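This report introduces a single protein chain to a reader who has not met it before. The sequence and the structure are shown first, and the account follows.

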Amino acid sequence: MSDEHVGVETMPEVVTEPLDPETISPTVPALPLPVIAVTLAALLLSVFFLFCKAKASRGNKVLLLGPVGSGKTALYLRYRFGRTPPTVTSMVPNSAAVAISDEQGGAKRTVFLIDTPGSGRLRGHLFGELAGAAALVCVIDGTALAAHAREAAQLLYDVLTHESVERSPPPLLIAVNKSDMAGAMSPAAARKALETEVTRVRLARTTMQDTSERSRPLRGIAAGDTSQPFSFEQLGSSVEFVSCSAVKPELRALSQFLLHHTR
C-alpha cells in the first residue's frame, strides 16, 4: 500500500484594516470657545442676580405695624417724601424703597418699608408679609398709651406667635410716636404698660388653648410660666423702645435701628 500525501487545506488570509472613527459614530461639531464662554457667563449672571434678589428681600424688608391711629402712615410718608401730609386709616399696605441715613449724613441704606393696616380685620395683610422681614417696628401713640397698649399687646402676641416669626425672630422696635405732643409717655412707661398688657393677653390665650391639641410647642412670647409677669427679655431676641415723631420730625433713634438691622 503506497503512502499518500495528505494535504491540509489552509484558510485564505484575511487582511484587516484600521477602523476609521468616523465610520463608528457621527462627528459632533465642537462649539466655538466664544459661544461657550458667553453661555456660561449668562448662566452665572442669572444665578447671581437671583441670589442677590433673594438676599435683598430677606435683608432690607421692614414692617410698620401697630394700632389704628398710631402714626404708621405718617412715619412712612415722612421717610418716603420727607413730609407728612394729612393721612387716613390705611385699608391696604403701602410700600416703597426709601433711603435711610443718620443725622450726620454718613451711613446710608435703602430699606423696603411696608406700612401695614392697623385694623384687626385687615391683619391678614400683615401676616402675609412677616416671612423674610428683616425687622419689625410696632408704632404706638404715646399720647394714648393706655388704649394703644392693650391693642398693641394683642397684635404683638399674634405676630410673635406666628410660625415664621417664631422660627426666625426678627429684631423688634417699639416706636412711641408723637413725642412732640404734650403728655406723650416715655419709652420706659410704654414698656411697662405693654408688658402688663401682654401678661394678660398671654394668660388668656394660653388658658383658652388646650395643651393636648397644640400642634407645636410654645416658644417666645407664649413660652414659660404664663402666670408670671411677662418681660420682653424673655423673647431672647433684640427688642428696643424709642420715642419718635413723624411731625417734628424726630427720627434719629428709629433711623439708627433701621441702619443697624438691615443690609
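## Report on the chain

Cys-244 is buried, with a relative accessible area of 1%; buried means under 20% relative accessible area, exposed over 50%, and partly exposed in between, with a 1.4 Å probe and protein chains only. Cys-138 is likewise buried, at 0% relative accessibility. A disulfide is taken here as a pair of cysteine sulfur atoms within 2.5 Å, and by this rule the count is zero.

The structure is a predicted model, in which local features need pLDDT of at least 70 and side-chain atom pairs count only at pLDDT 80 or more, while totals for chains, interfaces and linings use all residues. Residues are numbered from 1 along each chain as its sequence is written, and side-chain values use heavy atoms, with hydrogens and water left out.

### The chain as a whole

The chain has eight helices and six strands. Helices (H or I, at least four residues) and strands (E, at least two) are DSSP runs, numbered from the N terminus. Along the sequence these elements follow the pattern α-α-β-α-β-β-α-β-α-α-β-α-β-α.

Of the 263 residues, 37% count as buried. The exposed surface of the chain comes to about 15,800 Å², of which carbon and sulfur atoms supply 58%; accessible areas come from the Shrake-Rupley method with a 1.4 Å probe, and for residues only the protein chains shown count as cover. Among the contacts with a separation of 6 or more, 76% are between residues 24 or more positions apart, where contact means heavy atoms within 4.5 Å.

### Strands and their pairing

Two strands pair if DSSP finds at least two bridges between them. The table lists four pairings, each with one pair of opposite residues or its bridge count.

| Strands | Sense and bridges | One residue pair |
|---|---|---|
| β1 and β3 (residues 108–115) | parallel, four bridges | Val-62 and Leu-113 |
| β1 and β4 | parallel, four bridges | Leu-64 and Val-137 |
| β4 (residues 135–141) and β5 | parallel, six bridges | Val-139 and Ala-175 |
| β5 and β6 (residues 239–243) | parallel, five bridges | Leu-173 and Glu-240 |

Strand β5 spans residues 172–177, and six of its six residues are buried. In a regular strand the side chains alternate between the two faces of the sheet. In β5, Leu-172, Ile-174 and Val-176 point one way, whereas Leu-173, Ala-175 and Asn-177 point the other way, and all are buried.

Strand β1 is also mostly covered, with five of its five residues buried. Lys-61, Leu-63 and Leu-65 lie on one side of β1 and Val-62 and Leu-64 on the other, and both faces are covered.

### Ser-70 and its surroundings

Where is Ser-70 placed in the chain? Ser-70 belongs to the loop between β1 (61–65) and α3 (72–81). With a relative accessible area of 0%, Ser-70 is buried. Its side chain reaches the backbone oxygen of Val-139 at 3.2 Å. This is a polar contact, that is, a pair of N or O atoms within 3.5 Å; within protein, one must be able to donate a hydrogen and the other to accept it, and residues adjacent in sequence count only if both atoms are side-chain atoms.

Not counting residues up to four places away in sequence, Ser-70 touches Val-139, Ile-140, Asp-141, His-148, Asn-177 and Lys-178. Val-139 is the residue that stands opposite Ala-175 in β5, and Asn-177 is one of the buried residues of β5.

### Residues in other loops

Lys-178 lies in the loop between β5 and α7 (187–208). Although Lys-178 is not a glycine, its phi is positive, at about 70 degrees. Is Lys-178 buried or partly exposed? Its relative accessibility is 22%, so Lys-178 counts as partly exposed.

Pro-249 is part of the loop between β6 and α8 (252–261). The peptide bond that joins Lys-248 and Pro-249 is cis, with omega about -15 degrees.

His-162 sits in the loop between α5 (145–160) and α6 (163–167). It is partly exposed, with a relative accessible area of 25%. His-162 and Phe-127 are 35 residues apart along the chain, and their C-alpha atoms are separated by 7.8 Å.
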